[in-house]
Amino acid sequence: MLEKLAEVESRYLELEGLMGDPAIAADYEKVAELAKERASLQDIVDAYRQYQRGAAELEDAREMLLADQDAELRELAGEEVAELEASNADVLEKLRLMLLPKDPRDSKNVIVEIRAGAGGDEAGIFAGDLMRLYMRYAEAKKWKVAMLDVNEQGNGVFKNITFEIKGEGAFSRLKYESGVHRVQRVPTTESQGRIHTSTATVAVLAEMDDVDAQLDMSDVETQVFRARGAGGQSVNTTDSAVRLIHKPTGTVVEMQDERSQLQNKLRAKQVLIARLYEAEVERQRAEREAERRGQVGSGDRSEKIRTYNYPQGRVTDHRINTSSYNLPAVMDGALDAFIDQLATKEQAELLAAGAFN
């Protein structure tokens, strides 16, 4: 790891030299590019230099501890050694975290897709509950939400919901929400008070643009139809809704919430690109998992990640074996306690695997 840190510092110094080169200084775009890369290395270089200073001070303190014959001075030197060892260990741990590979999608906006799973109407009601949960979370973060597509069956029962969240670091926080969510509660239509179990799936996609991912439109079939309302009835007289079918993968995206066919097509293309990009990321992740674990299990995405138990007022995240007994607060958007622990778990796994940049 120290070799990697030395390489980072060397690149940082190289960038400083390039930015001071008169031949480059006239190229504003190049200078801006170099400055951006230099800024991205600043924190890690500062921490590495702090570690180097601490390591030098620790070496001096150890030499004094061995050389000094005065008992009082030896005691002081011993205390200094202990303090420096603890301080350097903290800086080293900080550097390990800084070196972990960054997900290039972390700064992206997100597209959230929620689909009712097993459980009939109750699953559709739960899908709506999850939609409100994420909207309240976004509101607390001062992120912007825009609906893209809603298929409501009536009476608050949703078949699927797609919406966009725009905000700094949206994907870095919400990416942990992808998976199967399970609810256990007594439906309002249940006359005998029996608890039902239902599910909904959540997919959190990083919003990609044409610079990030290319889409060959010759591989896409475009269909148009009339936008539908609750219960499936048509709500306009023009074919403004759009369905895109990616023929190589069979991926289908429908969009109807924009006013014009062109706007819906642009939105649908955006969602399709995000889905295809996510599918490729997942494929590569699965390959890495297979190499590391010998293809044990089917992966977290295919298993329930969280259970919302209404009779007990409890929410349990199965990936970190953590429960909150304040279900109303969680359903009102209090997700950070779970997300923080999931991010820490991911960091620990990367550290254990030695996955440094």
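Which residue of β10 is the bridge partner of R306? The legends below concern a predicted model, and the answer is given with the first view.

**Figure 1. Pairing of strands β9 and β10 in the predicted model.** Strand β9 (residues 304–309) runs antiparallel to β10, and the two are paired over four bridges. The bridge partner of R306 in β10 is D317. A hairpin is formed by β9 and β10, with four residues between them. In its turn, G313 has a positive phi of about 60°.

**Figure 2. Strand β10 and its pairing with β11.** Strand β10 comprises residues 314–317. R314 and T316 point one way from this strand, whereas V315 and D317 point the other way; all are buried. Strand β11 (residues 322–324) pairs with β10 in the antiparallel sense over three bridges. T316 has S323 in β11 as its bridge partner. A hairpin is again present, with four residues between β10 and β11. N321, in the turn of this hairpin, has a positive phi of about 50°.

**Figure 3. Helix α3, its bend and its buried residues.** The helix covers residues 28–67. For its 40 residues, a rise of 1.5 Å a residue gives an expected span of 58 Å, and the end C-alpha atoms are 56 Å apart, which agrees. At Q42, α3 bends by about 40°. The buried residues of α3 are L34, L41, I44, V45, A47, Y48, Y51, G54, L58 and A61. These buried residues pack against α1, α2 (22–25) and α4.

**Figure 4. The salt bridge between E14 and R11 in helix α1.** The side chains of E14 and R11 meet at 3.1 Å, N to O. Both residues belong to helix α1 (residues 2–19), where they are three residues apart, about one turn of the helix. E14 has a relative accessible area of 42% and is partly exposed. R11 is likewise partly exposed, with a relative accessible area of 27%.

**Figure 5. The salt bridge between R62 and E85.** The side chains of R62 and E85 meet at 2.8 Å, N to O. R62 lies in helix α3 and E85 in helix α4 (residues 71–99), so this pair ties together parts that are 23 residues apart in sequence. R62 is partly exposed, with a relative accessible area of 40%. For E85, also partly exposed, the relative accessible area is 38%.

**Figure 6. The salt bridge between D332 and R136, which links distant parts of the chain.** The side chains of D332 and R136 meet at 3.5 Å, N to O. D332 is in the loop between α8 (327–331) and α9 (336–352), while R136 is in helix α5 (residues 121–140); the two are 196 residues apart. D332 counts as partly exposed at 46% relative accessibility. R136 counts as partly exposed at 38% relative accessibility.

**Figure 7. A salt-bridge network, with the whole protein as context.** E122, D129, R132 and R185 are joined into one network by salt bridges that share partners. The structure holds 22 salt bridges. Nine helices and 11 strands make up the secondary structure of the protein. Of its 357 residues, 38% count as buried. Among contacts with a separation of 6 or more, 61% are between residues 24 or more positions apart. The protein exposes about 19,800 Å², of which carbon and sulfur atoms supply 49%.

Technical notes. Residues numbered from 1 in each chain as written. Predicted model: local features only at pLDDT ≥ 70, side-chain atom pairs only at ≥ 80, totals over all residues. Heavy atoms only, no water. Salt bridge = Lys/Arg side-chain N within 4 Å of Asp/Glu carboxyl O. Buried < 20%, exposed > 50% of the residue type's maximum accessible area, 1.4 Å probe, protein only. Expected span 1.5 Å × (residues − 1). Bend = angle between axes of the 7 residues up to and from the residue. Contact = heavy atoms within 4.5 Å. Areas by Shrake-Rupley, 256 points an atom, 1.4 Å probe, with all protein chains shown as cover. Pairing = 2+ DSSP bridges.
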